[in-house]
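Please explain how this structure is put together. Take the strands first, then the ligand sites, then a few backbone details.

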Amino acid sequence: MKSYFVTGTDTGVGKTAITGAIAWVLRKRGIDVGVMKPIATGVGQKGRFRSEDVAVLHEAALTNDDEKTINPVFLPLPVSPYDASKALGIKIDMKMILERYKYLVKSHQVVLVEGIGGIMTPITRDFFVADMIKQMNLETIVVTRSTLGTINHTIMTIEMCKKYQIPVKGLVINYFDEKGGPAEQNAPSTLHEVTGLPILGIIPFVKNYQKPEIMADLVEKNMNINELIS
Ligand SMILES: Nc1ncnc2c1ncn2[C@@H]1O[C@H](COP(=O)(O)OP(=O)(O)OP(=O)(O)O)[C@@H](O)[C@H]1O
Ligand SMILES: [Mg+2]
């Protein structure tokens, strides 16, 4: 079965919601799915996991992996990893991250890795999320918005994937509102046309979204999960 790196055209596009939902669906199908958020930044929260993203991913996959394996690096500042590491005087240890990633790959049938920010989010001054994807040697799924502006962001992301020779499985279009304006209505077909990539799923905007199960239902209905992992 195949593992994936889930990236996005920007922060807040729904990487965690979609990655968690895919993990949820796979677990419900009896597949042993591991999740990873190699680097998280943010204000942090109380509880088992400092990062909210990690808590969401763990709730979906329900693995026995501990926090330092699922999320080797947590930097308590809501900025890029590079900025956070500079401000906190911490060096991000990519070797350690890759060792934990390799452990997860050995321990699970499928591993879903959520990136941070977008593909060119800096981890160090000259090492980006794209470099991390290359080191993990993973195919990526790109989560993108359906709203005005998404064509530009999506093309830029895909062009960088080409530059780095990162294989892209396809796009997941999130926050789709069927009553949206013409730009939104056209987004799925235009994004497919301009990138040449398959649209793996179109996930609607959910009002008052709270429960990850709702997103899992939508992913089940709107994505071909079997095709993804076969
Ligand atoms: N289809 C949707 N409908 C409604 N709300 C959504 C949808 N997808 C995601 N959200 C909500 O939007 C917010 C941002 O989503 P999410 O955290 O998944 O983005 P992200 O790309 O992982 O962000 P980050 O860059 O911070 O990791 C979250 O509060 C999430 O619950
Ligand atoms: Mg996230």
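Strand β8 (residues 139-145) is largely enclosed by the rest of the structure, because six of its seven residues are buried. Buried here means under 20% relative accessible area, exposed means over 50%, and partly exposed lies in between, with a 1.4 Å probe and protein chains only. Strands and helices are DSSP runs numbered from the N terminus: E of at least two residues for a strand, H or I of at least four for a helix. This is a predicted model, in which local features need pLDDT of at least 70 and side-chain atom pairs count only at pLDDT 80 or more, while totals for chains, interfaces and linings use all residues. Residues are numbered from 1 along each chain as its sequence is written, chains are lettered from A and ligands numbered from 1 in the order in which they are written, and side-chain values use heavy atoms, with hydrogens and water left out.

Strand β8 pairs with β1 and with β9; two strands pair if DSSP finds at least two bridges between them. Strand β1 (residues 4-8) runs parallel to β8 and is joined to it by five bridges. One of the positions in this pairing is Val6, whose bridge partner in β8 is Ile141. Strand β9 (residues 168-176) is also parallel to β8, over six bridges. Thr140 stands opposite Val168 of β9. Between these two strands the chain passes through helix α7 (residues 150-164), in a right-handed β-α-β crossover. Right-handed means that, with the strands pointing away from the viewer, the path from the first strand over the helix to the second runs clockwise.

Further along β9, Ile173 is opposite Thr144. Strand β9 is largely enclosed by the rest of the structure, since eight of its nine residues are buried. Strand β9 in turn runs parallel to strand β10 (residues 199-204), with four bridges between them. Val172 has Gly201 as its bridge partner in β10. Here the connection from β9 to β10 goes through helix α8 (residues 182-195), and this β-α-β crossover is right-handed as well.

Ahead of β8 in the chain comes helix α6 (residues 129-136), which is largely enclosed by the rest of the structure because six of its eight residues are buried. Those buried residues are Val129, Ala130, Asp131, Met132, Ile133 and Met136. Just after α6, Asn137 has a positive phi of about 55°.

Now the ligands. Which residues coordinate the magnesium ion (ligand 2)? Thr16 (OG1), Asp53 (OD) and Glu114 (OE) do, at 2.0 to 2.2 Å. Donors are N, O and S atoms within 2.8 Å of the metal (3.2 Å for Na, K and Ca), and since water is not among the atoms, sites may look incomplete. The donor residues follow the spacing T-x36-D-x60-E in sequence. Asp53 belongs to helix α2 (residues 52-61) and Glu114 to strand β5 (residues 110-114), so the pair ties together parts that are 61 residues apart in sequence. Asp53 is partly exposed, with a relative accessible area of 24%, whereas Glu114 is buried at 1%. The side chain of Glu114 also makes a polar contact of 3.0 Å with that of Lys37. A polar contact is a pair of N or O atoms within 3.5 Å; within protein, one must be able to donate a hydrogen and the other to accept it, and residues adjacent in sequence count only if both atoms are side-chain atoms.

Ligand 1 is surrounded by 17 residues, the closest being Thr11, Lys15, Thr16, Ala17 and Tyr209; a residue counts if one of its heavy atoms lies within 4 Å. An N or O atom in the side chain of Thr16 is 2.8 Å from an oxygen atom of ligand 1. For Ala17, a backbone N or O atom lies 2.8 Å from an oxygen atom of ligand 1. A nitrogen atom of ligand 1 is 2.9 Å from an N or O atom in the side chain of Asn174. Taken alone, ligand 1 exposes 630 Å², and the protein buries 74% of that. Accessible areas come from the Shrake-Rupley method with a 1.4 Å probe; for residues, only the protein chains shown count as cover.

Two loop residues remain. Leu62, in the loop between α2 and α3 (67-70), is not a glycine but has a positive phi, near 50°. Gln165 lies in the loop between α7 and β9 and has a positive phi of about 55°, although it is not a glycine. Gln165 is exposed, with a relative accessible area of 62%.
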